[in-house]
Amino acid sequence: MDKLEQYRQAISPRTALLPMGGLRQMIALVRTLYRLSRLPAYQAEIFRQLPEIARTDPRHDAVMMGYDFHWTAKGPQLIEVNTNAGGWFLALLAQFGSSVMDPAALPRRMRARLLGQFSAELRRWSAGRLERPALMAIIDEQPEAQFLYGEMEYFRRLVEAHWRIPLVIVDPGDLEAGAQGVFHRGRRIELIYNRHCDFYLQGEAMAGIRAACRQRRLCLTPHPFSYGLLADKRRLALWSDPQKLRSLGVSEADMGLLGALVPESRLLRDLDREQLWRQRGDWVFKPVDCFGSRGVLLGRKITRGRYLALAPEETLVQRWVPPSLTGDAEDAMKTDFRLYVYGQRVLGVAARLYQGQVTNLRTPGGGFAPVRLV
């Protein structure tokens with residue numbers, strides 16, 4: 001419980017306001033992107049960029065995806081999409097208060113949303129044979145060292161209390177994994193909640209899990225297929241390219257929504273570098289293979305040397321969209337909105353308040369905040 005208690009400091013006392021119409025637009029975009037990701041032409045277009053494991057459809061979705069938005073004068077703007085989006089427990093604390101520190105006190109509807117997505121994953125993976133696993137795991141790199149380890153521990157308690165099954169939280173190196181399946185101390189694991197940031201399972205530590213997924217001996221969620229379809233930052237360049245979208249058979253209505261809500265994004269390789277340098281203040285530079293705002297550079301702050309060192313194939317250049325502000329002018333906080341999503345279903349909306357360049361949980365008075373629709 002110590003970690004859980006520490007999270008109180010990551011909860012803002014402020015409330016973020018979000019127009020109801022804007023939330024409807026965000027939800028519409030989530031559903032549009034999901035439909036787009038299922039188009040055969042779309043998949044054929046991106047599969048050539050992906051490793052083999054990400055071209056294999058596991059026939060289930062991905063739990064706890066996150067769609068991050070900034071609010072602007074013209075409405076919401078999608079900043080990025082994440083698989084294994086963390087912070088949902090902090091969002092619960094912000095919205096419902098400290099009563100939910102005990103999983104037994106979690107509102108029934110929210111409990112059903114959290115656990116129901118995992119049941120759905122297992123049912124689809126097992127073609128209806130399994131509703132709950134005999135043993136479940138959460139994996140991450142050295143999980144006990146992670147800031148959100150308490151969130152994983154909270155989920156363990158929730159699963160064990162309501163599903164009456166054991167759940168282990170482990171580093172993938174502590175598992176016995178291979179084409180025959182994944183095991184912990186001799187017991188087979190059927191379902192893994194993947195919090196690890198090796199999204200394409202390319203590292204040596206994930207090799208056994210990769211082999212198990214290939215042989216359909218494991219339900220891994222989220223998985224590389226969903227990451228490749230929706231969360232790889234290179235997808236933003238496709239979503240903001242109307243000519244390419246039209247060639248894939250995307251409807252005019254869907255292209256209109258994408259054009260309105262997805263900021264212009266391009267890979268650095270496709271732009272004139274000297275012209276871009278002169279206009280750098282209008283852009284933000286993001287490494288395509290990083291997460292949690294790591295490596296993000298605002299164009300107005302980038303040095304010439306750092307700019308020239310950017311890898312053309314591995315850098316997304318996105319039109320800069322300043323975040324909205326919460327609070328009075330003297331101590332206003334920048335505000336991001338995140339939709340937690342399973343498939344096409346929105347599980348909840350959260351706000352993250354901060355100061356500085358990117359979202360963090362260290363600003364006094366910042367952190368996750370409750371959202372009030374107006």
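# Exercises on a predicted model

In this predicted model, strand β11 pairs with strand β14 (residues 315-319) through three bridges, in the antiparallel sense.

## Exercise 1: an open sheet

Task: Place β11 in its sheet and find which strands stand at the edges.

Solution.
Step 1. Start with one residue pair: Ser 265 of the sheet lies opposite Gln 318 in β14.
Step 2. Extend the view to the whole sheet. Four strands make up an open sheet, in the order β11-β14-β12-β13, with antiparallel pairing.
Step 3. Read off the ends. β11 (265-267) and β13 (297-298) each have a single partner strand, so one side of each is left without a neighbour in the sheet.

## Exercise 2: the strands around β2

Task: Determine which strands pair with β2 and trace the partners of Tyr 67.

Solution.
Step 1. Take β3 as one partner. Strand β2 (residues 65-72) runs antiparallel to β3, and seven bridges join them.
Step 2. Look at the connection: β2 and β3 form a hairpin, with two residues between them.
Step 3. Take β16 as another partner. Strand β16 (residues 333-342) is antiparallel to β2 and is joined to it by five bridges.
Step 4. Follow Tyr 67. Its bridge partner in β3 is Val 81, and its bridge partner in β16 is Leu 339.
Step 5. Add a further pair from the hairpin: His 70 has Gln 77 as its bridge partner in β3.
Step 6. Check how covered the strands are. In β2, seven of the eight residues are buried; in β3 (residues 75-82), eight of eight are buried.

## Exercise 3: the nonpolar cores

Task: Identify the residues with the most contacts inside the largest nonpolar core, and say which helix gives the largest share of that core.

Solution.
Step 1. The largest nonpolar core holds 51 residues, and those with the most contacts inside it are Leu 29, Leu 33, Tyr 67, Leu 78, Trp 239 and Leu 339.
Step 2. Helix α2 (residues 20-37) supplies the largest share of this core, namely seven residues.
Step 3. List the contacts of one member. Leaving out residues up to four places away in sequence, Leu 33 touches Tyr 67, Leu 78, Leu 230, Trp 239 and Leu 258.
Step 4. Another core lies apart from this one; it has 44 residues, including Tyr 7, Val 63, Phe 118 and Cys 219.

## Exercise 4: helix α8

Task: Work out how many residues of helix α8 are buried and what covers them.

Solution.
Step 1. Count the buried residues: in helix α8 (residues 224-231), eight of eight are buried.
Step 2. Name them. They are Pro 224, Phe 225, Ser 226, Tyr 227, Gly 228, Leu 229, Leu 230 and Ala 231.
Step 3. Name the cover. It includes helices α2, α3 (40-47) and α9 (235-239), together with strands β2, β3 and β10 (219-221).
Step 4. Link this to the core: Leu 230 is one of the residues that Leu 33 touches.

## Exercise 5: an arginine and two cysteines

Task: Decide whether Arg 48, Cys 197 and Cys 213 are buried, partly exposed or exposed.

Solution.
Step 1. Locate Arg 48: it sits in the loop between α3 and β2.
Step 2. Apply the cut-off. Exposed means over 50% relative accessible area, and Arg 48 has 65% relative accessibility, so it counts as exposed.
Step 3. Relate Arg 48 to another arginine. Its C-alpha atom is separated by 33 Å from that of Arg 24, which is 24 residues away along the chain.
Step 4. Turn to the cysteines. Cys 197, at 29% relative accessibility, counts as partly exposed.
Step 5. Cys 213 has a relative accessible area of 16%; the cut-off for buried is under 20%, so Cys 213 is buried.
Step 6. Check for disulfides. A search of the whole structure finds zero of them. Cys 213 is in no disulfide, and the nearest cysteine sulfur, that of Cys 219, is 8.6 Å away.

## Exercise 6: the whole protein

Task: Describe the overall fold by its elements, extent and surface.

Solution.
Step 1. The protein contains 13 helices and 19 strands.
Step 2. Its radius of gyration is 21 Å, close to the 21 Å that the globule rule gives for 374 residues, so the protein is as compact as a globular protein of that length.
Step 3. Along the principal axes, its C-alpha atoms fill a box of roughly 60 × 45 × 40 Å.
Step 4. Of the 374 residues, 56% are buried.
Step 5. The accessible surface is about 16300 Å², and carbon and sulfur atoms account for 49% of it.
Step 6. Among contacts between residues at least 6 apart in sequence, 72% join residues at least 24 apart.

Note on methods: Residues are numbered from 1 along each chain as its sequence is written. This is a predicted model: local features need pLDDT of at least 70, side-chain atom pairs count only at pLDDT 80 or more; totals for chains, interfaces and linings use all residues. Side-chain values use heavy atoms; hydrogens and water are left out. Buried means under 20% relative accessible area, exposed over 50%, partly exposed in between (1.4 Å probe, protein chains only). Two strands pair if DSSP finds at least two bridges between them. A nonpolar core is a set of buried Ala, Val, Leu, Ile, Met, Phe, Trp, Tyr and Cys residues joined through side-chain atoms within 4.5 Å. Contact means heavy atoms within 4.5 Å. The radius of gyration is taken over C-alpha atoms; the globule rule is 2.2 Å times the number of residues to the power 0.38. Accessible areas come from the Shrake-Rupley method with a 1.4 Å probe; for residues, only the protein chains shown count as cover. A disulfide is a pair of cysteine sulfur atoms within 2.5 Å.
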